[in-house]
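The following exercises are to be worked with the sequence and the three-dimensional structure at hand. Each task is followed by a solution in steps.

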Amino acid sequence: MWVRAMHQYGLISKTVAPKREKLREAMLSLDKKQSALREAQARLQKVIDKVQALKSQYDESVSTKERLREESESLETKLDRAAKLVSGLSGERVRWEASVAVLENSISLLIGDCVVAAGFLSYCGPFNSDYRNALVLETWIPKIHQLNVPCSDDFACSSFLSEPTEVREWSMKGLPADSFSVENGVLVTRGRRWPLIVDPQAQANKWIKNLEKDRGLRVVDMKMADWMRTMENAIQFGNPVLLQDILEEVDPAIEPILSKAITKRGNRMMIKLGDKELDYNPEFKFYLTTKLSNPHYPPEVSTKTTIVNFAIKEQGLEDQLLSIVVKKERSDLEEKKTDLVIKVAQGKSKLTELEDKILFLLSSATGSLLDDDNLVRTLQSSKVTSEEVKAQIRVAEQTEKSIDAAREGYRPIAFRSSLLYFVLNDMAAVDPMYQFSLDSYFSLFIRSIEKSPKSDDITERIKHINEFHTYAVYRNTCRGLFEKHKLLFAFHMCVKILEGMKKVNREEYSFFLKGGTVLNKDQQPPNPAQEWLPDTCWDHITELDKLPNFRDIMSSFEQSPGDWFDWYLAAQPEKTPLVGDWENKLNELQRLVLIRCTRSDRVIFASTSFIVNNLGPKFVEPPPFDLGTVFNDSKETTPLIFVLSPGIDPISSLSQFATQIGMGSKLKSLALGQGQSVIASRMIEEGMRNGDWVFLANCHLMLSWMPTLEKIVEGLQSSSPHKDFRLWLSSYPHPKFPISILQNGLKMTTEPPRGLKANLTRLYNGITESQFGRCTKVSKYKKLLFSLCYFHSVLVERRKFGTLGWNIPYDFNESDFEISENVLSLYLDTSEETPWDALKYLIAEANYGGRVTDDWDFRLLRTYIKAYFCEDAITAANFKLSALPTYRIPDDGSLQSYKDYINSLPNVDDPLAFGQHNNADISAQIQETSILLDTLSLFAPQVLSSATGSKDTYVLKLAAELFEAVPVEIDREITSKSKEDDPSALNVFLLQEIDRFNALDEVWLT
């Protein structure tokens, strides 16, 4: 084993030994190479370290370079910003310096201005601009100066409490631009109490709806079933609410809202409405409006609201009408002006916003201003915008001057039209049914512009529009006036137009209305013509002598009583020359004043002549009632209202007219009364859907349902009824009839017109061609028909004579005429000979006589019928119907020929036309004069002469005169002794009155 192992070892050793040698040699070579490698690596490391050091040095140099570059750029940026900042601030400097000067002055006056502003917000809302100015400028500011409190002399609440940009925004949303309306805007938006706005023309309504539209305005009224729920939701969600059309009584349910009875529980604000507690959102706003022109609210409402008088002013309406007429005549000018106003307003608004932002950034800046890039950009933008706005303003001012010059050419139209609207507005004081909306007036104004004669000459064009619109207002208004008010309206219109032309002395006009009253008879000169001149007339004349243009009129009566007596007895003193130089000294109004002082029975005639001479004859000839004209002016959304007179029922006329135009089968009528509300509502609903005519009679008998009808009428605009639908209403005048229906509707009076001519015209206008030729006895029928018309007109017109006309006044109406006309036609057709006795009996005694209860009146009725229904009436040519040749039966002809003859009759009736003496008209005319002057006095402002001074001075002077006129204490003892022998019971009464007077006299003297 051992040998084998050694043998094996030897063999292996021979193989391994060479390999070991090679290994040793290789290891030696490796050691040498590794040693060389280490030397190379050491050299490499030195190179790497050197390179790294160089790189570090390079990186540091680059970093330093970058830092220096950034610092350079930053410094350049700051330098640029500094230049822009200096440039921007210098651009604002002038404006800000001026603002600072104004603010410093305002701050020094702030105490007094705040006091006046607080007083203005608290107390001035219900007053018009005159009273506001008097209260602020003449009472408060002098008192504040007297107390040495600094205050602005020319304080204006509108500029103190509002920004110009905000005012422009209000104007763009419908607020009139006049100062009075701007003050109202301040009162509405700045007061701590909720505003209650007196808004008869609904302009505040429109403005508030536009103002709060984007905030989700809720419009409610107390006639809505769910108005309270709407209020509750608005309070919780912070929506504004407009409660419109309130009356003089406010629902107690909203009392917590008015008094702002808000409680705080933790972080929640609560308000209690009824039995509900609601979360109160501070964003909630509440507006109340009423259409009543002069409401009276109790103290509990007045103290919890800010009452704001929003009734439109003359200047504000004039500007609106000027915009309308320029827009129609020169639309390019109006559009250009509107665009300029909007652009300038937007530019100024943007400039104000930028200024506010600059001041905010300056005040909130914490570091260097040069680091605030936003501030610099804002300043630069402000400068650019400022320059642009200034350039726009310069261009706008130049352009606006040329535009305004062109617009001002049309101002006479706006002035006249504004004046006419306020004439209409005055009529509401005469009768509650005389209500006219501003929107309908605007529509009439636009129609007048469109229909008036065209002309390239602006002067002629203005004249045409003014004349056309003036008569259009008269014509459209007269159809809704009672007869006794038509002359009143025309005279008031005439005086206001002349007053606008500076042709009326207001002091003389005031004397015309009120006359003169002598307070101290002892100082009055004696009446020089007591035998014919009444003492009341002499009182007027002695007071009239105090007016500048009537100096020495009293002396003229004293020196020439005979000449004045001749003038006084003249049948027509208004046309008779005056005594001496007075004929040439007095103008037409002054002559009217003199007639009022001496011959009051002729004032109506003189007033008529005054209107004719200044406006034209058509203004004393009210257009005859014509349903066709009214219907043509109506729309499906416009109610047509018959204002009833005693004994007049318009249903027959309406039925006849409906038949003429093919609507007879669609006329649905209902007499209102208890339990008819559901039927009436259903009829209106069906009529709107089917295009029917719905006639609701006697609305005054269902005043409780009128609020519902008012809502129905207001909803016609949005419900889009059938184009043939019409809503006809009838009612006697009533102060509680809904104002909105009256304002938006077309009103017609059914009262017989005044005068024989007007009555004949109305009767013949109601006769159709077929009716005029229906009788076989054509010639007889036409002549007797005219006799019947004249008979009816005489009976109706005799009422004006009072007891000289009828012992008992009777309400003869057109139904009496229609029945009599049917009787006339029937009996002439059925009889060969004219049945005079039957006609006289059936017409005078059975028909008209059925109303007569007095024997003497019945006798008069028979006398008239005998005079008008006789053989000569159909056989004689031009048969005279009175002692005057004017009134006769015209020759046989067409219906139009009869109408033409009627048009030729005089407008003023002579008493002889009725068979009366000329003096019969005197008492009637005196009564009419009294009514006319008393009613006109409602419109006339108080006028004081320049010599009288202020109102306080005038009152004190009047009180002194009254004091001097009061007699001294009456001696009771002397009076008692003088009456001892007279046992009359009146003496006891006399002594009692002496005791009372002496007691009153003692109080007066102390």
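## Exercise 1: A hairpin

Strand E5 (residues 268-273) and strand E6 (residues 276-279) run antiparallel and are joined by 4 bridges. The model in which they are found is a predicted one.

Task: Identify the bridge partner of Leu273 in E6, and state which residue of the hairpin takes a positive phi.

Solution.
1. Leu273 has Lys276 of E6 as its bridge partner.
2. Between the strands E5 and E6 the hairpin has 2 residues.
3. In this hairpin Gly274 adopts a positive phi near 65°.

## Exercise 2: Strand E9 and its partners

Task: Determine which strands pair with E9 (residues 640-643), in which sense, and how the side chains of E9 are directed.

Solution.
1. E9 pairs with strand E12 (residues 726-731) in the parallel sense, over 4 bridges.
2. Within this pairing, Ile641 is placed opposite Leu729 of E12.
3. E9 also pairs with strand E13 (residues 746-749), again parallel and over 4 bridges.
4. Here Phe642 has Met748 of E13 as its bridge partner.
5. Leu640 and Phe642 point one way from E9, whereas Ile641 and Val643 point the other way. All four of these residues are buried.

## Exercise 3: The setting of Ile902

Task: Locate Ile902 in the secondary structure, decide whether Ile902 is buried or exposed, and list the residues that it touches beyond four places in sequence.

Solution.
1. Ile902 belongs to helix H37 (residues 895-903).
2. The relative accessibility of Ile902 is 1%, and buried means under 20%, so Ile902 counts as buried.
3. Leaving aside residues up to four places away in sequence, Ile902 touches Lys757, Leu760, Thr761, Tyr764 and Phe786.
4. Lys173 lies 729 residues from Ile902 along the chain, and the C-alpha atoms of these two residues are separated by 53 Å.

## Exercise 4: The whole chain

Task: Establish how the protein's extent relates to that of a compact globule, and describe its contacts and charges.

Solution.
1. The protein contains 41 helices and 13 strands.
2. Its radius of gyration is 47 Å, well over the 30 Å given by the globule rule for 1006 residues, and therefore the protein is more spread out than a compact globule.
3. The C-alpha trace spans about 195 × 80 × 65 Å along the principal axes.
4. Of the 1006 residues, 43% count as buried.
5. Among contacts with a separation of 6 or more, 73% come from residues 24 or more positions apart.
6. There are 121 positive and 139 negative side chains, and the centres of the two sets lie 13 Å apart.

Conventions
Residues numbered from 1 in each chain as written. Predicted model: local features only at pLDDT ≥ 70, side-chain atom pairs only at ≥ 80, totals over all residues. Heavy atoms only, no water. Rg over C-alpha atoms; globule rule 2.2 N^0.38 Å. Buried < 20%, exposed > 50% of the residue type's maximum accessible area, 1.4 Å probe, protein only. Contact = heavy atoms within 4.5 Å. Lys, Arg positive; Asp, Glu negative; His and termini not counted. Charge placed at Lys NZ, Arg CZ, Asp CG, Glu CD. Pairing = 2+ DSSP bridges.
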